[in-house]
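Q: I should like to learn how burial, sheets and helix packing are read from a model. May we begin with a single residue and work outwards?

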Amino acid sequence: MNKEWPLWEVFIRSRQGLDHKHAGSLHAADAAMAIENARDVYTRRMEGVSIWVVESKHIHASNPDDAGALYDPANDKAYRHPTFYDLPDELKHM
Amino acid sequence: MEINLEKHFQDTVDAEIKIEPKDWMPEKYRQTLLRQISQHAHSEIVGMLPEANWITRAPSLRRKAILLAKVQDEAGHGLYLYSSAETLGISREEMYDQLHTGKAKYSSIFNYPTITWADMGAIGWLVDGAAIMNQVPLCRASYGPYARAMVRICKEESFHQRQGFELLLTLSKGNEAQKRMCQDAINRWWWPSIMMFGPPDDESPNTLQSVKWKIKRFTNDELRQKFVDVSAEQVKLLGMVLPDKNLVWNEARGHYDFGAIDWNEFWNVVKGNGPCNKQRLETRKKAWEDGAWVREAAMAYAEKKKEKNVKAA
Ligand SMILES: [Fe+2]
Ligand SMILES: [Fe+2]
Ligand SMILES: [Fe+2]
């Protein structure tokens, strides 16, 4: 038998109140082991208060080649940003 | 088409925008990165061996805890680097295989023996020091996953060098035997350490391309000079000397001049004839083979548990 342990992506919440952020990846036989290994390699210096792991094969990613078309709808909508609006300087608290 | 892709790639790199795994990249870029990253990963892993040699014999609990933490960090560094190499489409097993069959190299410095406790200090100060000098610019490497791994590694490395210097400083204030041990370790580690930066610029033809691709930011000789300059000052604080009669400050250059490096020794160790090449590789292979049943059992257990869960659902 020669079967490689699957690859897992590790996400760490560094402080209560912050998002989980991708920290890296590692191999492990199952989720419990992936969390323990993540603890050992990614939180040795108190870098985290919560760990998520997900098998890498379950992650679907957008294709960078499609970036043009994919993000095009957002490209010409400057009016979605507050700076688009021309307002008098006297206007306060807005 | 190919030309346009290459141009777009180089423009991206020139604009200091990172290349990510799914982006188009020249095959040669991918190969260069793969070789460099996996070699670096192997170095972190094999690099644990010379230091592990002293864990059980550390002179105090404090020193033992520090050394353990350092060696554990190196294992982590190996992992970060292997993971970033995997994003380039190579499997972990393939890389291990390359290491175990001798197809891939690791840093030659780890083929030298650690014969006294002072070697733990010299390794921290000089070997980790040279590694840091090399690695800090790599935090800005053009390949995203590599750069991110290096940021994490560099954060962790700085204690490695400091604990080594502190260890030597303690010995340098000790009795005559301890002082001698300290100087002896510096004598043995100095030259191999400055060889760590690799062959001189006129003999490393790939450097130019790597600089253009922003994988490297400085040449081997530039980094080596920087390292000599800082070490020549640091050694004074130890009241010790570097084993180089030709080491002298050159006012005109604003750098230290130093003696000729014995590149024959370097290439000899690279080719496998260093004092510990065989031992290191055998230890590494044995660890991998002895661990096989654990890896298999863990996998079998995980699969059985999964099956059970499916049935229960
Ligand atoms: Fe390291
Ligand atoms: Fe390193
Ligand atoms: Fe280190």
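A: Certainly; please note that the model is predicted. A residue is called buried when its relative accessibility is under 20%. A:Thr43, at 16% relative accessibility, therefore counts as buried.

Q: Where is A:Thr43 placed, and which residues does A:Thr43 touch, not counting residues up to four places away in sequence?

A: A:Thr43 is in the loop between helix H1 (31-42) and strand E3 (50-55) of chain A. Not counting residues up to four places away in sequence, its contacts are A:Ile12, A:Ala38, A:Gly48 and A:Ile51.

Q: How are the strands of the open sheet in chain A ordered, and is the pairing parallel or antiparallel?

A: Strands of a sheet pair through backbone hydrogen bonds, in either a parallel or an antiparallel manner. In chain A, three strands form an open sheet with the order E2-E1-E3, and the pairing is antiparallel. Strand E2 (20-27) and E3 are the edge strands, each pairing on one side only. E1 (residues 7-13) and E2 of chain A are joined over seven bridges, and A:Glu9 stands opposite A:Ser25 in E2(A). H1(A) packs on this sheet and touches E1, E2 and E3 of chain A.

Q: At what angle do helix H4 and helix H5 of chain B pack?

A: Such packing is described by angle, axis separation and the residues that meet. Helix H4 (residues 61-86) and helix H5 (residues 92-100) of chain B pack at about 115 degrees, with axes 9 Å apart. The crossing of H4(B) and H5(B) is right-handed. The residues of this contact comprise six nonpolar, one polar and two charged.

Technical notes:
Residues are numbered from 1 along each chain as its sequence is written. Chains are lettered from A and ligands numbered from 1 in the order in which they are written. This is a predicted model: local features need pLDDT of at least 70, side-chain atom pairs count only at pLDDT 80 or more; totals for chains, interfaces and linings use all residues. Side-chain values use heavy atoms; hydrogens and water are left out. Helices (H or I, at least four residues) and strands (E, at least two) are DSSP runs, numbered from the N terminus. Buried means under 20% relative accessible area, exposed over 50%, partly exposed in between (1.4 Å probe, protein chains only). Contact means heavy atoms within 4.5 Å. Axes are lines fitted to C-alpha atoms, for helices over the stretch in contact, and angles run from 0 to 180 degrees between N-to-C directions. A crossing is left-handed if the near helix is turned anticlockwise from the far one by less than a right angle, and right-handed if clockwise. Ala, Val, Leu, Ile, Met, Phe, Trp, Tyr, Cys and Pro count as nonpolar, Asp, Glu, Lys and Arg as charged, and the others, Gly among them, as polar. Two strands pair if DSSP finds at least two bridges between them.
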